[in-house]
Amino acid sequence: MLGIIAACLMFCLNLPVGAEGGAGGAKAPSVKLPGAAFAALETISPERIRWHVRYLSHDLLEGRGTGQRGGDIAAEYIGTQFAEYGLKPAGDHGTYMQKVPLVGITTLPETQFSLVPKQGETMNLKPLDEYVAYDQTQQPQSDVDAEVVYVGYGIEAPEYNWDDYKGTDVRGKVLLMLVNEPPSDDPKFFKGKALTYYGRWVYKYEEAARKGAVGVILIHQTQMASYPWEVVRNSNSGERSALKVEGPALKVASWVHLDVAKRLATASGMDLEKMMKDAQSRDFHPVDLGARLKAHMMSKIRNFESNNVIAILPGSDRTLAEEAVLYTAHYDHFGIRPDMPGDNIFNGAQDNATGCGILLELARAFGAAQQRPHRSIIFAAVTAEEQGLLGSEYLGKHPPIPAGKITLDLNYDDVKPLGAPEEVEVSGAERTSFYPLVQATAKEFRLAIRPDARPEAGHFYRSDHFSLARVGIPSFSINEGMKFKGHSEAWGLDQEREYVEKHYHQPSDEYHPDMDFVGDSAMARFGFALGWEAASLPQRIEWQKGDEFEAARTKTQ
Ligand SMILES: [Zn+2]
């Protein structure tokens, strides 16, 4: 078997022999795929991926905007391909479409936001300069008049034996908190320098809402946030999109400028520097500031909708077919910016027509295989990624089969058409029980595993697989590294830099006939092998003990 795959890969991909593989350990698991799987894998074609990218990024698709005509055409194209491949619909009411209800929220200038300290004058804050705020309840008007309680980092993480709340009843309160997480170099404590989900503002808002708080005020501090106030201001002005609210939500989800937090602390007879220090201790307890937030939130609410496109290939094993491997890629991009002069169509060829092309080739190859894997395979092209991973968030909350029965999600986003890769990035895979097989498979494919260069940047939390990880599903993205055949690593880094500077999220992310999709095809083949293996294992894949997503997984089992 191993001989067959090696021969096939060298023949089909013409990959160099001898690249570092990396199982490392004494007993590396062997990669076992049946002949029918090899045969199907071999048919995965760079040129078919090209045709999908060429179509999906055409000007006529109008940038595949969420809730816009071009995005809907892309969804229909993908659904039509699924049908052609003989896959069963897994969306709403026997269709390939899963409707995703979305809401656009704009905070209006009539909004008022005041901090009232125990002593001293009321602080009427200036929007954008001193604070930003959104009403997550998605109501046109909300009023808050509530006590402000300082809760340190606002984190409750049992696996790190960390609890800032200490059982304090925060129902009806407004919680003042720090961004990021307690600093540490210890990899066993909030993963050392790497950012965990607990450090992200999304988590902090959600945890506060779950505990019944009515508002959160995040204190912006450039170093802790890893970006300046301007970034907070820009990403919190204008319309923000969200899923239509289903659970508890904050009337006030806000940030304040560091100077505002200092003034508030001083007026409350406290010292912000000391408060920040205190928060770094396990013994931290919430502190009632004796201050109030008086907020009158006025919002413009716009309802709209889009679709995830979902298909399923039923598994061959009567019991295991209830479980599935999931493949995801987002199909949305930014649409058209009518106010922009010149070319204003955001074609999104690389981001993420490439991922869609790969997803469709995988769907076709699985559908055409002479034999089916034991578990079912689900293919989901998700929407509204560019609006904040919203389509995948909805998929995670409303999966076609229970989340606990999905053994693995493999995601593709922005896979560069640069030629034959010698590396693969699978950041997050090392956190799962599947990793030894990922390493062994990479070795078979002559792909060296490239580690995440900047784990502190938290890239793991910025792609669709994260939405599935949040509901406990072991998940990661597959992408090329920086080393391509016939080129140095510096060349790969240059390509990446040029793309980020000139084309990423710009109208010039367009299809060109000289793009080389061999790498996309290699990533599809690698993912095909991984998916087939995951679908055949006797046990479901799990997170490593103590992982931040382990608790979510346990809840769904
Ligand atoms: Zn993307």
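These are my notebook entries on a zinc site, some salt bridges, a small set of paired strands and one buried acid in a predicted model.

**Ground rules.** I worked from a predicted model, in which local features need pLDDT of at least 70 and side-chain atom pairs count only at pLDDT 80 or more, while totals for chains, interfaces and linings use all residues. I number residues from 1 along each chain as its sequence is written, and the side-chain values use heavy atoms, with hydrogens and water left out.

**Zinc site.** I looked up which atoms hold the zinc ion, taking as donors the N, O and S atoms within 2.8 Å of the metal (3.2 Å for Na, K and Ca) and keeping in mind that water is not among the atoms, so sites may look incomplete. The protein donors are His330 through NE2, Asp351 through OD, and Asp413, which is listed twice through OD, at 2.0 to 2.6 Å from the ion. Along the chain these donors follow the spacing H-x20-D-x61-D. I noted that Asp351 lies in helix 10 (residues 349–368) whereas Asp413 lies in the loop between strand 18 (406–411) and strand 19 (423–425), so the pair ties together parts that are 62 residues apart in sequence. Helices (H or I, at least four residues) and strands (E, at least two) are DSSP runs, numbered from the N terminus.

I then checked the geometry, and the four donor atoms subtend angles of 53 to 153° around the zinc ion, which makes the arrangement irregular. For that label, four donors count as tetrahedral if all angles lie between 85 and 135 degrees, four count as square planar and six as octahedral if opposite donors are over 155 degrees apart and all others between 65 and 115, and anything else is irregular. Both Asp351 and Asp413 are buried, where buried means under 20% relative accessible area, exposed over 50% and partly exposed in between (1.4 Å probe, protein chains only).

**Salt bridges.** I counted as a salt bridge any side-chain nitrogen of Lys or Arg within 4 Å of a carboxyl oxygen of Asp or Glu, and the structure holds 31 of them. Glu62 and Arg69 form one of these at 3.4 Å, N to O; Glu62 is partly exposed at 25% relative accessible area, and Arg69 is exposed at 55%. Arg171 and Asp169 form another at 3.0 Å, N to O, with Arg171 exposed at 61% and Asp169 partly exposed at 43%.

I also recorded the bridge between Glu230 and Arg233 at 3.9 Å, N to O, whose two residues lie in helix 7 (residues 229–235), three residues apart, about one turn of the helix.

**Paired strands.** I found an open sheet of three strands in the order 20-19-22, with mixed pairing, where two strands pair if DSSP finds at least two bridges between them. Its edge strands are strand 20 (448–449) and strand 22 (479–480), each pairing on one side only. Strand 19 and strand 22 pair in the antiparallel sense over two bridges, and Glu425 has Asn479 in strand 22 as its bridge partner.

**A buried acid.** I looked at Asp520, which is found in helix 15 (residues 518–536). Asp520 is buried yet has no salt bridge, and the nearest side chain of opposite charge, Arg50, is 8.8 Å away; Lys and Arg count as positive and Asp and Glu as negative, with His and the chain ends not counted. Leaving aside neighbours within four places in sequence, Asp520 is in contact (heavy atoms within 4.5 Å) with residues including Ile49, Thr354, Val415 and Glu480.
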